[in-house]
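Good morning, colleagues. I shall speak first about the surroundings of the ligand and then about one of the sheets. Please look at the structure while I proceed.

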Amino acid sequence: MRQIKLSATSAPLQAVHDAVLDAHGIRLNVLRLDLLHPFISGNKWFKLRPVLERAQTLGQRTLISVGGAWSNHLLALAAAGQQAGLTTIGLVRGEVLRPLNPVLAAAEAFGMTLVPVSRTDYREHHTQAFRQAVQERWPQAHVIPEGGATLDGVLGCQEIAHALRWTAPAKSPRRVILATATGTTLAGLVSALDESVRVEATLVLKGEDRLSAQVQHWLAQLPPGPRAEWQIVQGWHAGGYARRCPELDAFITGFVARTGIPLEPVYTGKMMWSLYGRIANGEIPPDSEVIAIHTGGIAPRTT
Ligand SMILES: *Cc1c(COP(=O)(O)O)cnc(C)c1O
């Protein structure tokens with residue numbers, strides 16, 4: 001595999017100064033993983049790297065994964081695959097409409113073959129039968145689950161924890177916040193931190209039925225060791241995955257204008273919106289030091 005040099009420790013930690021935070025004595029720093037690479041955005045590289053290495057060990061030169069038409073994961077896979085000299089195939093939910101949207105256009109420009117999968121079939125993507133059908137059609141390929149949600153991905157995300165730098169005295173309560181969908185990044189962080197840190201993950205979709213169990217399942221498969229306290233923060237999905245509401249949009253516009261830090265409405269916008277909402281509700285102790293993981297997700301520009 002050709003080397004891709006992306007290290008979490010080179011991500012800037014940016015201090016945020018905002019009246020609401022100051023009023024509550026909360027120190028906020030943002031770990032800007034979004035600045036590491038223009039296309040292999042944020043957390044996706046950390047989830048993919050061990051998977052790429054495993055494929056290489058197995059001698060598999062083709063990587064296949066699944067995602068929606070705006071999937072950051074498929075785009076990151078396309079970019080990482082091209083840099084590593086591997087072939088990539090993206091199974092896209094629904095139709096592949098042309099002209100392509102900016103995410104799929106960029107993925108295709110990185111050499112990814114886009115294959116539409118009907119919505120009915122896509123619903124089965126996490127089943128053994130679906131995986132088998134994909135493997136039969138592309139026998140040589142390495143199949144990666146949606147969102148890069150694997151134990152390898154969890155291990156890869158541990159690197160993000162090593163990039164955290166605390167600036168306040170250790171007696172200030174320490175929190176790491178992030179947006180979560182599959183729980184992979186969350187599990188990586190929890191397993192690489194200790195109980196002096198609380199990890200709070202804002203769920204960007206509706207319904208939590210399987211997520212805690214999945215995170216616990218991954219943690220149970222790792223060697224025993226210290227773990228951060230963790231919590232899945234619910235009630236900030238604005239109607240479901242990729243849904244938005246006027247309050248969320250207004251929050252994002254205001255935050256970006258005040259701080260200059262870009263947010264998008266699907267992941268990082270909901271993370272930051274929930275932080276401010278929970279500060280207002282008194283759920284974040286005063287004098288806390290918070291590090292927000294900016295996991296990326298800013299759509300590539302078409303121009
Ligand atoms: C994929 C993605 C996430 C979710 O990561 P999980 O490990 O699946 O929880 C969060 N933020 C952004 C910007 C993403 O693209």
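The shell around the ligand consists of ten polar residues, three nonpolar ones and two charged ones. I should state at once that this is a predicted model. Among the 15 residues around the ligand, those that come nearest are Lys-44, Asn-72, Thr-182, Thr-185 and Thr-295.

Let us take the polar atoms in turn. Thr-182 places a polar side-chain atom 2.5 Å from an oxygen atom of the ligand. For Asn-72, a polar side-chain atom is found 2.7 Å from an oxygen atom of the ligand. With Thr-295, an N or O atom of the side chain lies 2.6 Å from a nitrogen atom of the ligand. How much of the ligand does the protein bury? Taken alone, the ligand exposes 390 Å², and 98% of that is buried by the protein.

Which elements supply the shell? At least two residues each come from α2 (44–57), β7 (174–180) and α8 (184–192). Because domain 1 (8–39 + 151–294) and domain 2 (44–148) both give residues to the shell, the ligand lies between them.

I turn now to the sheet. Four strands form an open sheet with parallel pairing, in the order β5-β4-β3-β6. The edges are taken by β5 (113–117) and β6 (142–144); each has a single partner strand, so one side of each is left without a neighbour in the sheet. On average, and with direction ignored, neighbouring strands of this sheet are turned by 20° against each other. Five bridges join β4 (residues 87–93) to β5 in the parallel sense. Val-92 has Pro-116 in β5 as its bridge partner.

Definitions and conventions. Residues numbered from 1 in each chain as written. Predicted model: local features only at pLDDT ≥ 70, side-chain atom pairs only at ≥ 80, totals over all residues. Heavy atoms only, no water. Near = heavy atom within 4 Å. Polar contact = N/O pair within 3.5 Å; in protein donor to acceptor, adjacent residues only side chain to side chain. Areas by Shrake-Rupley, 256 points an atom, 1.4 Å probe, with all protein chains shown as cover. Nonpolar A, V, L, I, M, F, W, Y, C, P; charged D, E, K, R; others polar. Domains from an automatic or database assignment. Pairing = 2+ DSSP bridges. Axes fitted to C-alpha atoms, helices over the stretch in contact; angles between N-to-C directions.
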